[in-house]
Amino acid sequence: MKTTNSIIKLLAILFISTITFTACSDDDHDEDDHDHEEELITTVTYTLTDGNNNTLTLVWEDIDGEGGNTPTITNGTLSANTTYTGVIKLENATETPAEDITVEVKNEGDEHEFFYASSVSGVTITKTDVDKNNNPLGVETSVVTGAAGSGTLTIILKHEPKKPNTGVTDAGGSTDVEVTFTITVQ
C-alpha cells in the first residue's frame, strides 16, 4: 500500500510539473510573438498603367504551391521611353473568395518590403509608398523604361528586412515570395 501511495504521489508531481512547464512555455511564446505565420501566396499580380491609361498586367499564379505544378506566368511588353504607375497585389486563391494578402502586407508594412530588379537596360523601378516609419514598402511603384530591349523583371517580398537598407542583399529577413517575369520593351 505504501508503494502504491508513493507511485500516486510521484505521478501527481510529474503531472503538475508537466502542466507547469507547458504553461511557462506558452507564456514565453506569447510574450516573444516572433513567430511568422506565413500566408499562402498563390497569385502575384503586378499592374502597370501608363499616362494614357494603357494597362499591362503581369500575373504569376501557383495554386498548388511549391513543388507541385509549374506556375502559370503572364509576361508582357512595355512601351519604350514611357513612365508607368505600378501596383502589386498578392492573393491566396485557394480560398473563396480569394484572400487579399496585400492588405496584411500594408498593415504590417514595417515588417515587409518589396524589391524589384530588371535585367533590361534602361528599366528603372522606384518604390513610391512607405511604411509607418517612412521607410520604402513597394506596393506602389514608378517604372520608367528606356530604349527597346528584353529580359526579366524579378519581384521579391521580404519579411522582417532590415530597414532602412541598400537593397535586397543588404535587407536580410526571409523571403515570402519571389517571382520572375519575362518582359520586352519596344
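**Group meeting talk: the core and the empty spaces**

Okay, let's start with one residue, Ile88. Leaving aside residues up to four places away in sequence, Ile88 touches Val44, Thr45, Tyr46, Thr102, Phe114, Tyr116, Gly138, Val139 and Ile155. Keep in mind that what you're looking at is a predicted model.

Now, where does Ile88 sit in the bigger picture? It belongs to the largest nonpolar core, which has 28 residues. Ile88 is among those with the most contacts inside that core, together with Tyr46, Leu90 and Phe114. As for who builds it, at least two residues come from each of strand 1 (43-50), strand 2 (55-61), strand 5 (83-92), strand 7 (112-118), strand 10 (149-159) and strand 11. Strand 11 gives the largest share of this core, with 5 residues.

Right, on to the holes. How many cavities of 30 Å³ or more does the structure hold? There are 2. I'll pick the second largest cavity, with about 30 Å³ of space. Tyr46 turns up again here, lining that cavity along with Leu48, Leu78, Val123, Ile125, Val143, Leu153 and Ile183. By class, that lining is 8 nonpolar residues, with no polar and no charged ones.

Then there's the largest pocket, which has about 270 Å³ of space. It's lined by 14 residues, and the ones nearest its centre are Ile41, Trp60, Asp62, Glu66 and Val177. The class split here goes 5 nonpolar, 3 polar and 6 charged. And which strand gives the largest share of this lining? Strand 11 (residues 174-185), with 4 residues.

So strand 11 is one to look for on screen: it has the largest share of the core, and the largest share of the pocket lining too.

Note on methods:
Residues numbered from 1 in each chain as written. Predicted model: local features only at pLDDT ≥ 70, side-chain atom pairs only at ≥ 80, totals over all residues. Heavy atoms only, no water. 1 Å grid on protein atoms, 1.4 Å probe; cavity = no way out; pocket = protein on both sides within 12 Å on 5 of 7 lines; lining within 4 Å. Points joined across faces, edges and corners; volume = space filled by probe spheres on them. Nonpolar A, V, L, I, M, F, W, Y, C, P; charged D, E, K, R; others polar. Core = buried A, V, L, I, M, F, W, Y, C linked by side-chain atoms within 4.5 Å. Buried < 20%, exposed > 50% of the residue type's maximum accessible area, 1.4 Å probe, protein only. Contact = heavy atoms within 4.5 Å.
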